[in-house]
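Dear colleague,

Please find below the structure that I am passing on to you. My findings follow directly after it.

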Amino acid sequence: MNQRPVWIKHAAQLATIAGGPAPRIREGMSDLGIIEDGSVWIEEGEIRAAGTTAELEKRYGSRAAEAEIIDASGRLVTPGLVDPHTHIVYGGSREKEFEMRLEGATYMEIMEAGGGIHATARMTREATEEELFEQSFRRLDSFLSHGVTTVEGKSGYGMDLETELKQLRVMKQLNERHPADLVPTFMGAHAVPLEWKGREDEFVDLIIRDMLPKVAEEGLAAFNDVFCEVGVYTPGQSRRILEAGKEHGLLPKIHADEIEPYGGAELAAEVGAISAEHLLKASDVGIRKMAEAGTIACLLPATALYLREEAARGRDMIDAGVPVAVSTDCNPGSSPTTSMPLVMNLACISMRMTPAEALVAATLNAACAINMQDKVGSIEPGKQADLVMWDIQNYQELQYLFGVNHVMNVWKKGKLVISKEGEIRTQSMPAY
(Lines give C-alpha, C1' and ligand atoms only; values in the text may rest on other atoms or scores of the structure.)
Protein backbone atom coordinates (compact mmCIF):
# COMPACT_ATOMS: atom_id res chain seq x y z
CA MET A 1 0.00 0.00 0.00
CA ASN A 2 2.91 2.32 0.84
CA GLN A 3 0.75 5.13 2.17
CA ARG A 4 2.37 7.93 4.08
CA PRO A 5 1.57 7.62 7.82
CA VAL A 6 -1.16 9.89 9.12
CA TRP A 7 -0.92 11.40 12.59
CA ILE A 8 -4.09 12.98 13.96
CA LYS A 9 -3.20 15.12 16.98
CA HIS A 10 -4.83 17.25 19.66
CA ALA A 11 -8.45 16.14 19.19
CA ALA A 12 -10.64 17.87 21.76
CA GLN A 13 -12.30 14.47 22.19
CA LEU A 14 -11.25 11.17 20.66
CA ALA A 15 -14.18 8.76 21.05
CA THR A 16 -12.44 5.39 20.69
CA ILE A 17 -15.33 3.08 21.70
CA ALA A 18 -12.54 0.60 22.43
CA GLY A 19 -12.84 -2.46 24.61
CA GLY A 20 -13.47 -5.60 22.59
CA PRO A 21 -15.51 -6.89 19.66
CA ALA A 22 -18.72 -7.87 21.46
CA PRO A 23 -21.78 -5.62 21.02
CA ARG A 24 -22.40 -3.27 23.93
CA ILE A 25 -25.44 -3.68 26.18
CA ARG A 26 -26.98 -1.66 29.01
CA GLU A 27 -24.44 0.70 30.65
CA GLY A 28 -21.77 -0.49 28.22
CA MET A 29 -23.53 1.52 25.52
CA SER A 30 -22.57 4.70 27.38
CA ASP A 31 -18.83 3.98 27.44
CA LEU A 32 -17.24 5.90 24.58
CA GLY A 33 -13.64 5.54 25.72
CA ILE A 34 -13.18 9.31 25.49
CA ILE A 35 -9.60 10.58 25.33
CA GLU A 36 -9.13 14.33 25.66
CA ASP A 37 -6.31 15.85 23.64
CA GLY A 38 -6.49 12.59 21.72
CA SER A 39 -4.19 11.32 19.03
CA VAL A 40 -4.20 8.49 16.45
CA TRP A 41 -1.28 7.10 14.45
CA ILE A 42 -2.31 5.49 11.13
CA GLU A 43 0.00 3.43 8.96
CA GLU A 44 -0.63 1.31 5.87
CA GLY A 45 -4.36 1.90 6.21
CA GLU A 46 -4.46 0.56 9.77
CA ILE A 47 -4.73 2.10 13.21
CA ARG A 48 -1.43 1.46 14.97
CA ALA A 49 -1.99 3.46 18.17
CA ALA A 50 -4.53 5.69 19.92
CA GLY A 51 -4.01 7.66 23.11
CA THR A 52 -3.27 11.13 24.36
CA THR A 53 -1.16 13.35 22.16
CA ALA A 54 1.54 13.32 24.84
CA GLU A 55 1.62 9.51 24.81
CA LEU A 56 1.95 9.32 21.04
CA GLU A 57 4.58 12.09 21.01
CA LYS A 58 6.78 9.82 23.10
CA ARG A 59 6.19 6.87 20.81
CA TYR A 60 6.15 8.48 17.36
CA GLY A 61 7.75 11.88 17.82
CA SER A 62 10.94 10.74 16.10
CA ARG A 63 8.90 9.82 13.00
CA ALA A 64 6.92 13.04 12.75
CA ALA A 65 8.74 14.19 9.62
CA GLU A 66 7.54 11.19 7.62
CA ALA A 67 3.87 11.57 8.61
CA GLU A 68 1.02 13.73 7.36
CA ILE A 69 0.06 15.59 10.52
CA ILE A 70 -3.58 16.59 11.06
CA ASP A 71 -4.32 19.18 13.71
CA ALA A 72 -7.67 18.20 15.24
CA SER A 73 -7.65 20.95 17.88
CA GLY A 74 -11.16 21.85 19.00
CA ARG A 75 -12.71 18.96 17.09
CA LEU A 76 -14.30 15.57 17.76
CA VAL A 77 -12.82 12.41 16.20
CA THR A 78 -14.83 9.19 16.07
CA PRO A 79 -14.76 5.87 14.25
CA GLY A 80 -16.31 5.92 10.81
CA LEU A 81 -20.05 5.39 11.13
CA VAL A 82 -21.53 2.04 10.12
CA ASP A 83 -24.97 1.72 8.54
CA PRO A 84 -26.18 -1.87 9.09
CA HIS A 85 -29.48 -1.79 7.16
CA THR A 86 -29.98 -0.22 3.73
CA HIS A 87 -31.62 -0.96 0.40
CA ILE A 88 -29.03 1.09 -1.45
CA VAL A 89 -29.23 -0.56 -4.89
CA TYR A 90 -32.53 0.18 -6.63
CA GLY A 91 -33.95 1.75 -9.75
CA GLY A 92 -36.18 4.80 -10.06
CA SER A 93 -37.80 6.93 -7.38
CA ARG A 94 -41.09 7.07 -5.46
CA GLU A 95 -41.61 10.69 -4.51
CA LYS A 96 -45.28 10.52 -5.59
CA GLU A 97 -45.97 8.04 -2.78
CA PHE A 98 -44.77 10.58 -0.26
CA GLU A 99 -47.61 12.83 -1.32
CA MET A 100 -50.06 9.91 -1.29
CA ARG A 101 -49.18 9.16 2.32
CA LEU A 102 -49.68 12.78 3.28
CA GLU A 103 -53.14 12.51 1.74
CA GLY A 104 -53.94 9.53 3.96
CA ALA A 105 -52.83 6.34 2.20
CA THR A 106 -51.06 3.81 4.43
CA TYR A 107 -47.83 1.96 3.63
CA MET A 108 -49.63 -1.35 3.16
CA GLU A 109 -52.44 0.24 1.08
CA ILE A 110 -49.87 1.68 -1.32
CA MET A 111 -48.07 -1.65 -1.59
CA GLU A 112 -51.29 -3.62 -2.13
CA ALA A 113 -52.21 -1.23 -4.96
CA GLY A 114 -48.99 -2.13 -6.79
CA GLY A 115 -46.89 0.67 -5.38
CA GLY A 116 -44.30 0.48 -2.67
CA ILE A 117 -41.81 -2.35 -3.01
CA HIS A 118 -43.60 -3.59 -6.15
CA ALA A 119 -43.11 -0.24 -7.92
CA THR A 120 -39.39 -0.22 -7.17
CA ALA A 121 -39.17 -3.87 -8.24
CA ARG A 122 -40.56 -2.95 -11.67
CA MET A 123 -38.08 -0.09 -12.07
CA THR A 124 -35.17 -2.19 -10.82
CA ARG A 125 -36.02 -5.02 -13.18
CA GLU A 126 -35.99 -2.54 -16.08
CA ALA A 127 -32.69 -0.89 -15.10
CA THR A 128 -29.38 -2.14 -16.45
CA GLU A 129 -26.52 -3.10 -14.17
CA GLU A 130 -24.68 0.01 -15.36
CA GLU A 131 -27.60 2.26 -14.42
CA LEU A 132 -27.93 0.69 -11.00
CA PHE A 133 -24.18 0.99 -10.44
CA GLU A 134 -24.15 4.70 -11.30
CA GLN A 135 -27.14 5.57 -9.10
CA SER A 136 -25.84 3.55 -6.17
CA PHE A 137 -22.29 4.89 -6.51
CA ARG A 138 -23.67 8.39 -5.95
CA ARG A 139 -25.58 7.20 -2.90
CA LEU A 140 -22.40 5.75 -1.44
CA ASP A 141 -20.72 9.11 -2.05
CA SER A 142 -23.50 10.73 -0.03
CA PHE A 143 -23.04 8.22 2.78
CA LEU A 144 -19.32 9.05 2.91
CA SER A 145 -20.08 12.76 3.05
CA HIS A 146 -22.16 12.07 6.19
CA GLY A 147 -19.34 10.13 7.87
CA VAL A 148 -20.51 6.62 6.96
CA THR A 149 -17.62 4.41 5.89
CA THR A 150 -19.28 0.96 5.98
CA VAL A 151 -22.73 0.16 4.59
CA GLU A 152 -24.86 -2.97 4.49
CA GLY A 153 -26.97 -3.35 1.34
CA LYS A 154 -29.94 -5.64 0.69
CA SER A 155 -31.29 -6.99 -2.55
CA GLY A 156 -35.04 -7.55 -2.66
CA TYR A 157 -36.14 -5.19 -5.41
CA GLY A 158 -36.28 -7.96 -7.97
CA MET A 159 -37.94 -10.94 -6.32
CA ASP A 160 -36.92 -12.96 -9.33
CA LEU A 161 -33.62 -14.76 -9.75
CA GLU A 162 -32.28 -12.54 -12.53
CA THR A 163 -32.88 -9.21 -10.78
CA GLU A 164 -31.80 -10.41 -7.36
CA LEU A 165 -28.50 -11.55 -8.83
CA LYS A 166 -28.23 -8.27 -10.74
CA GLN A 167 -28.55 -6.23 -7.54
CA LEU A 168 -26.03 -8.37 -5.70
CA ARG A 169 -23.54 -8.26 -8.58
CA VAL A 170 -23.80 -4.46 -8.60
CA MET A 171 -23.08 -4.48 -4.85
CA LYS A 172 -20.01 -6.59 -5.47
CA GLN A 173 -18.77 -4.09 -8.05
CA LEU A 174 -19.49 -1.17 -5.71
CA ASN A 175 -17.57 -2.81 -2.89
CA GLU A 176 -14.60 -3.32 -5.17
CA ARG A 177 -14.63 0.12 -6.79
CA HIS A 178 -15.95 2.59 -4.20
CA PRO A 179 -13.92 3.62 -1.12
CA ALA A 180 -16.74 2.62 1.26
CA ASP A 181 -17.15 -1.00 2.32
CA LEU A 182 -20.47 -2.45 1.13
CA VAL A 183 -21.64 -5.66 2.85
CA PRO A 184 -24.30 -7.59 0.86
CA THR A 185 -27.50 -9.22 2.09
CA PHE A 186 -29.80 -11.40 -0.01
CA MET A 187 -33.46 -10.51 0.49
CA GLY A 188 -35.44 -12.32 -2.15
CA ALA A 189 -38.24 -12.47 0.42
CA HIS A 190 -38.77 -8.71 0.57
CA ALA A 191 -42.36 -9.00 -0.64
CA VAL A 192 -44.50 -11.52 -2.48
CA PRO A 193 -44.38 -10.64 -6.19
CA LEU A 194 -47.77 -9.75 -7.62
CA GLU A 195 -47.57 -12.64 -10.06
CA TRP A 196 -47.21 -15.05 -7.12
CA LYS A 197 -50.14 -13.79 -5.03
CA GLY A 198 -52.17 -16.72 -3.79
CA ARG A 199 -49.19 -19.03 -4.36
CA GLU A 200 -46.96 -17.71 -1.60
CA ASP A 201 -45.72 -21.12 -0.45
CA GLU A 202 -44.69 -21.94 -4.01
CA PHE A 203 -42.66 -18.73 -4.14
CA VAL A 204 -40.99 -19.66 -0.85
CA ASP A 205 -40.10 -22.99 -2.49
CA LEU A 206 -38.60 -21.06 -5.42
CA ILE A 207 -36.44 -18.94 -3.10
CA ILE A 208 -35.19 -22.03 -1.29
CA ARG A 209 -34.74 -24.23 -4.37
CA ASP A 210 -33.39 -21.76 -6.94
CA MET A 211 -32.35 -18.41 -5.48
CA LEU A 212 -30.44 -19.28 -2.32
CA PRO A 213 -28.20 -21.92 -3.96
CA LYS A 214 -27.27 -19.57 -6.81
CA VAL A 215 -26.51 -16.66 -4.47
CA ALA A 216 -24.33 -18.93 -2.35
CA GLU A 217 -22.64 -20.49 -5.37
CA GLU A 218 -21.50 -17.06 -6.62
CA GLY A 219 -20.57 -15.87 -3.12
CA LEU A 220 -22.75 -12.79 -3.51
CA ALA A 221 -24.11 -12.36 0.02
CA ALA A 222 -23.13 -12.72 3.65
CA PHE A 223 -26.68 -12.62 5.06
CA ASN A 224 -30.21 -13.77 4.28
CA ASP A 225 -33.14 -11.51 5.21
CA VAL A 226 -36.93 -11.87 5.10
CA PHE A 227 -39.86 -9.50 5.68
CA CYS A 228 -41.91 -11.31 8.35
CA GLU A 229 -45.13 -9.31 8.42
CA VAL A 230 -48.88 -9.68 8.12
CA GLY A 231 -49.67 -9.78 4.41
CA VAL A 232 -46.06 -10.55 3.46
CA TYR A 233 -44.36 -13.66 4.91
CA THR A 234 -45.72 -15.61 7.87
CA PRO A 235 -43.46 -16.66 10.74
CA GLY A 236 -43.57 -20.21 9.40
CA GLN A 237 -42.58 -19.19 5.88
CA SER A 238 -39.90 -16.87 7.27
CA ARG A 239 -38.44 -19.66 9.38
CA ARG A 240 -38.20 -21.93 6.33
CA ILE A 241 -36.32 -19.29 4.33
CA LEU A 242 -33.95 -18.37 7.15
CA GLU A 243 -33.14 -21.98 8.04
CA ALA A 244 -32.52 -22.75 4.37
CA GLY A 245 -30.14 -19.80 4.13
CA LYS A 246 -28.16 -21.10 7.09
CA GLU A 247 -27.60 -24.35 5.20
CA HIS A 248 -25.84 -22.26 2.53
CA GLY A 249 -23.73 -20.34 5.05
CA LEU A 250 -25.85 -17.17 5.04
CA LEU A 251 -26.43 -15.67 8.47
CA PRO A 252 -30.08 -14.87 9.17
CA LYS A 253 -31.52 -11.38 9.52
CA ILE A 254 -35.20 -10.53 9.75
CA HIS A 255 -37.48 -7.54 9.13
CA ALA A 256 -39.66 -8.05 12.19
CA ASP A 257 -42.77 -6.58 13.82
CA GLU A 258 -42.74 -3.36 11.78
CA ILE A 259 -46.46 -2.91 11.06
CA GLU A 260 -48.08 -5.27 13.56
CA PRO A 261 -46.84 -7.51 16.40
CA TYR A 262 -46.30 -10.80 14.60
CA GLY A 263 -43.77 -12.79 16.57
CA GLY A 264 -40.83 -11.64 14.46
CA ALA A 265 -38.61 -10.73 17.40
CA GLU A 266 -39.26 -14.12 18.95
CA LEU A 267 -38.46 -15.85 15.67
CA ALA A 268 -35.21 -13.89 15.33
CA ALA A 269 -34.07 -15.22 18.69
CA GLU A 270 -35.16 -18.77 17.92
CA VAL A 271 -33.31 -19.05 14.58
CA GLY A 272 -30.17 -17.35 15.92
CA ALA A 273 -30.50 -14.26 13.75
CA ILE A 274 -27.57 -11.87 14.01
CA SER A 275 -30.09 -9.01 14.02
CA ALA A 276 -33.77 -8.18 13.88
CA GLU A 277 -34.73 -4.99 12.07
CA HIS A 278 -37.49 -2.35 12.55
CA LEU A 279 -39.24 -3.82 15.66
CA LEU A 280 -41.72 -0.96 16.06
CA LYS A 281 -44.33 -3.39 17.41
CA ALA A 282 -42.05 -5.90 19.13
CA SER A 283 -43.62 -7.54 22.17
CA ASP A 284 -42.18 -7.63 25.68
CA VAL A 285 -41.65 -11.37 25.24
CA GLY A 286 -39.84 -10.79 21.95
CA ILE A 287 -37.57 -8.18 23.53
CA ARG A 288 -36.74 -10.52 26.40
CA LYS A 289 -35.95 -13.39 24.04
CA MET A 290 -33.71 -11.19 21.90
CA ALA A 291 -31.79 -10.14 25.03
CA GLU A 292 -31.35 -13.77 26.05
CA ALA A 293 -30.17 -14.76 22.56
CA GLY A 294 -27.92 -11.73 22.06
CA THR A 295 -29.80 -10.77 18.89
CA ILE A 296 -29.01 -7.20 17.90
CA ALA A 297 -31.97 -4.85 17.49
CA CYS A 298 -31.39 -2.74 14.40
CA LEU A 299 -33.68 0.25 14.86
CA LEU A 300 -34.71 2.65 12.11
CA PRO A 301 -36.12 5.88 13.59
CA ALA A 302 -36.01 7.82 10.30
CA THR A 303 -38.39 5.27 8.78
CA ALA A 304 -40.81 5.69 11.66
CA LEU A 305 -40.63 9.46 11.26
CA TYR A 306 -41.15 9.29 7.50
CA LEU A 307 -44.17 7.00 7.90
CA ARG A 308 -45.44 9.06 10.84
CA GLU A 309 -45.35 6.04 13.13
CA GLU A 310 -44.27 5.77 16.74
CA ALA A 311 -40.62 4.74 16.88
CA ALA A 312 -39.37 1.45 18.29
CA ARG A 313 -38.87 1.18 22.05
CA GLY A 314 -35.14 1.72 22.01
CA ARG A 315 -34.96 2.75 25.65
CA ASP A 316 -36.85 -0.34 26.81
CA MET A 317 -34.66 -2.59 24.69
CA ILE A 318 -31.43 -1.17 26.08
CA ASP A 319 -32.73 -1.43 29.64
CA ALA A 320 -33.71 -5.07 28.95
CA GLY A 321 -30.18 -5.92 27.84
CA VAL A 322 -30.72 -6.01 24.07
CA PRO A 323 -27.72 -4.74 22.06
CA VAL A 324 -29.08 -1.89 19.93
CA ALA A 325 -27.84 -0.58 16.59
CA VAL A 326 -29.34 2.19 14.46
CA SER A 327 -29.57 2.66 10.70
CA THR A 328 -30.93 4.95 8.01
CA ASP A 329 -32.88 2.16 6.26
CA CYS A 330 -31.96 4.09 3.10
CA ASN A 331 -34.61 3.13 0.55
CA PRO A 332 -36.80 4.90 -2.02
CA GLY A 333 -40.14 4.49 -0.29
CA SER A 334 -39.97 4.87 3.48
CA SER A 335 -36.59 6.43 4.30
CA PRO A 336 -34.83 8.13 1.36
CA THR A 337 -31.92 9.44 3.41
CA THR A 338 -28.19 8.77 3.80
CA SER A 339 -27.80 10.85 6.98
CA MET A 340 -26.71 8.72 9.91
CA PRO A 341 -26.17 11.89 12.00
CA LEU A 342 -29.89 12.62 11.59
CA VAL A 343 -30.68 9.04 12.59
CA MET A 344 -28.58 9.37 15.74
CA ASN A 345 -30.46 12.53 16.67
CA LEU A 346 -33.79 10.80 16.10
CA ALA A 347 -32.60 7.91 18.26
CA CYS A 348 -32.24 10.39 21.10
CA ILE A 349 -35.46 12.29 20.51
CA SER A 350 -37.87 9.53 19.49
CA MET A 351 -36.38 6.49 21.28
CA ARG A 352 -34.99 8.17 24.41
CA MET A 353 -31.43 7.02 23.82
CA THR A 354 -28.57 9.14 25.15
CA PRO A 355 -26.04 10.76 22.80
CA ALA A 356 -23.41 8.24 23.90
CA GLU A 357 -25.73 5.29 23.30
CA ALA A 358 -26.65 6.63 19.87
CA LEU A 359 -23.00 6.89 18.87
CA VAL A 360 -22.24 3.34 20.02
CA ALA A 361 -25.36 2.16 18.16
CA ALA A 362 -24.03 3.77 14.96
CA THR A 363 -20.49 2.41 15.26
CA LEU A 364 -19.51 -0.71 17.22
CA ASN A 365 -22.99 -2.22 17.63
CA ALA A 366 -23.79 -1.48 14.00
CA ALA A 367 -20.55 -3.21 12.98
CA CYS A 368 -21.52 -6.24 15.09
CA ALA A 369 -24.90 -6.36 13.31
CA ILE A 370 -23.08 -7.04 10.02
CA ASN A 371 -20.24 -9.15 11.45
CA MET A 372 -17.63 -6.45 10.75
CA GLN A 373 -16.64 -5.73 14.36
CA ASP A 374 -13.13 -7.13 13.91
CA LYS A 375 -12.40 -4.52 11.24
CA VAL A 376 -14.49 -1.41 11.95
CA GLY A 377 -16.64 0.30 14.56
CA SER A 378 -14.00 1.47 17.03
CA ILE A 379 -10.58 3.15 17.14
CA GLU A 380 -8.23 0.38 18.24
CA PRO A 381 -4.86 -0.90 17.05
CA GLY A 382 -5.22 -3.44 14.25
CA LYS A 383 -8.50 -2.14 12.92
CA GLN A 384 -9.04 -0.37 9.62
CA ALA A 385 -8.26 3.34 9.84
CA ASP A 386 -11.85 4.44 9.24
CA LEU A 387 -12.25 7.74 11.07
CA VAL A 388 -14.30 10.92 10.99
CA MET A 389 -13.24 14.35 12.20
CA TRP A 390 -16.26 16.48 13.05
CA ASP A 391 -16.26 20.28 13.19
CA ILE A 392 -17.59 20.24 16.76
CA GLN A 393 -15.90 19.92 20.13
CA ASN A 394 -17.64 16.97 21.80
CA TYR A 395 -19.92 14.01 21.18
CA GLN A 396 -22.96 15.68 22.76
CA GLU A 397 -22.89 18.37 20.08
CA LEU A 398 -23.17 15.69 17.41
CA GLN A 399 -26.74 14.97 18.58
CA TYR A 400 -27.56 18.41 19.98
CA LEU A 401 -26.89 20.43 16.81
CA PHE A 402 -29.23 18.46 14.59
CA GLY A 403 -30.04 18.86 10.92
CA VAL A 404 -26.47 19.97 10.15
CA ASN A 405 -23.69 17.91 8.60
CA HIS A 406 -20.70 18.44 10.89
CA VAL A 407 -18.34 16.18 8.91
CA MET A 408 -15.01 17.83 8.23
CA ASN A 409 -12.70 14.99 7.17
CA VAL A 410 -13.26 11.28 6.56
CA TRP A 411 -10.52 8.65 6.29
CA LYS A 412 -11.21 5.22 4.84
CA LYS A 413 -8.46 2.66 5.40
CA GLY A 414 -6.15 5.58 6.15
CA LYS A 415 -6.92 7.45 2.95
CA LEU A 416 -8.59 10.85 3.05
CA VAL A 417 -11.83 10.47 1.08
CA ILE A 418 -13.70 13.57 2.27
CA SER A 419 -11.77 16.79 2.64
CA LYS A 420 -12.55 19.61 5.06
CA GLU A 421 -14.26 21.45 2.21
CA GLY A 422 -16.62 18.49 1.78
CA GLU A 423 -15.10 17.53 -1.56
CA ILE A 424 -15.56 13.86 -2.36
CA ARG A 425 -12.18 12.47 -3.28
CA THR A 426 -13.24 9.44 -5.28
CA GLN A 427 -12.18 11.24 -8.45
CA SER A 428 -14.61 10.48 -11.26
CA MET A 429 -16.98 7.57 -11.18
CA PRO A 430 -15.33 4.58 -12.84
CA ALA A 431 -16.96 3.00 -15.84
CA TYR A 432 -19.05 -0.03 -14.87
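In this predicted model, H255 has E277 of β11 as its bridge partner. The two residues belong to a parallel pairing in which β10 (residues 251-256) and β11 (residues 275-278) are joined over 4 bridges.

Helix α9 (residues 264-271) packs on the sheet, where it touches β9, β10 and β11. The direction of α9 makes an angle of about 175° with that of β10. Of the 8 residues of α9, 7 are buried, so the helix is largely enclosed by the rest of the structure. The buried residues are G264, A265, E266, L267, A268, A269 and V271. Their packing partners are β9, β10 and β11, together with α8 (235-247) and α10 (284-293). After α9 comes G272, which has a positive phi near 75°.

The sheet as a whole is open and has 8 strands, paired in parallel in the order β6-β7-β8-β9-β10-β11-β12-β13. Its edges are formed by β6 (81-83) and β13 (324-326); each has a single partner strand, so one side of each is left without a neighbour in the sheet. From one strand to the next, the twist averages 25°. Helix α7 (residues 200-218) also packs on this sheet, in contact with β8 (181-189) and β9 (223-228). Between the directions of α7 and β8 the angle is about 150°.

Turning to the domains, the protein is divided into domain 1, made of residues 6-80 + 377-419, and domain 2, residues 81-370. Their C-alpha centres are 29 Å apart. The contact between them takes 35 residues from domain 1 and 37 residues from domain 2.

Which residues touch the most other members of the largest nonpolar core? They are Y233, L279 and M317, within a core of 119 residues. Both domain 1 and domain 2 contribute at least three residues to this core. A second core, separate from it, has 17 residues, including V6, A11, V77 and W411.

W411 also has a place in strand pairing, since it stands opposite L416 in β16. Strands β15 (residues 407-412) and β16 (residues 415-418) pair in the antiparallel sense over 3 bridges. They form a hairpin with 2 residues between the strands, and K413 in this hairpin takes a positive phi near 50°.

A further residue to note is D316, which is found in helix α12 (residues 314-319). Is D316 buried, partly exposed or exposed? With a relative accessible area of 32%, D316 is partly exposed, because that value falls between the 20% limit for buried residues and the 50% limit for exposed ones. D316 and L81 are separated by 235 residues in sequence, and their C-alpha atoms lie 24 Å apart in space.

Finally, there is a database annotation to compare with the model. The UniProt record, an unreviewed entry, carries the annotation "domain: Amidohydrolase-related" for residues 76-417. Over that range the chain is 44% helix and 17% strand. The C-alpha atoms at the two ends of the range are 18 Å apart.

With kind regards

Conventions. Residues numbered from 1 in each chain as written. Predicted model: local features only at pLDDT ≥ 70, side-chain atom pairs only at ≥ 80, totals over all residues. Heavy atoms only, no water. Pairing = 2+ DSSP bridges. Axes fitted to C-alpha atoms, helices over the stretch in contact; angles between N-to-C directions. Contact = heavy atoms within 4.5 Å. Core = buried A, V, L, I, M, F, W, Y, C linked by side-chain atoms within 4.5 Å. Buried < 20%, exposed > 50% of the residue type's maximum accessible area, 1.4 Å probe, protein only. Domains from an automatic or database assignment. UniProt positions renumbered as here; feature names shortened; annotations may be inferred.
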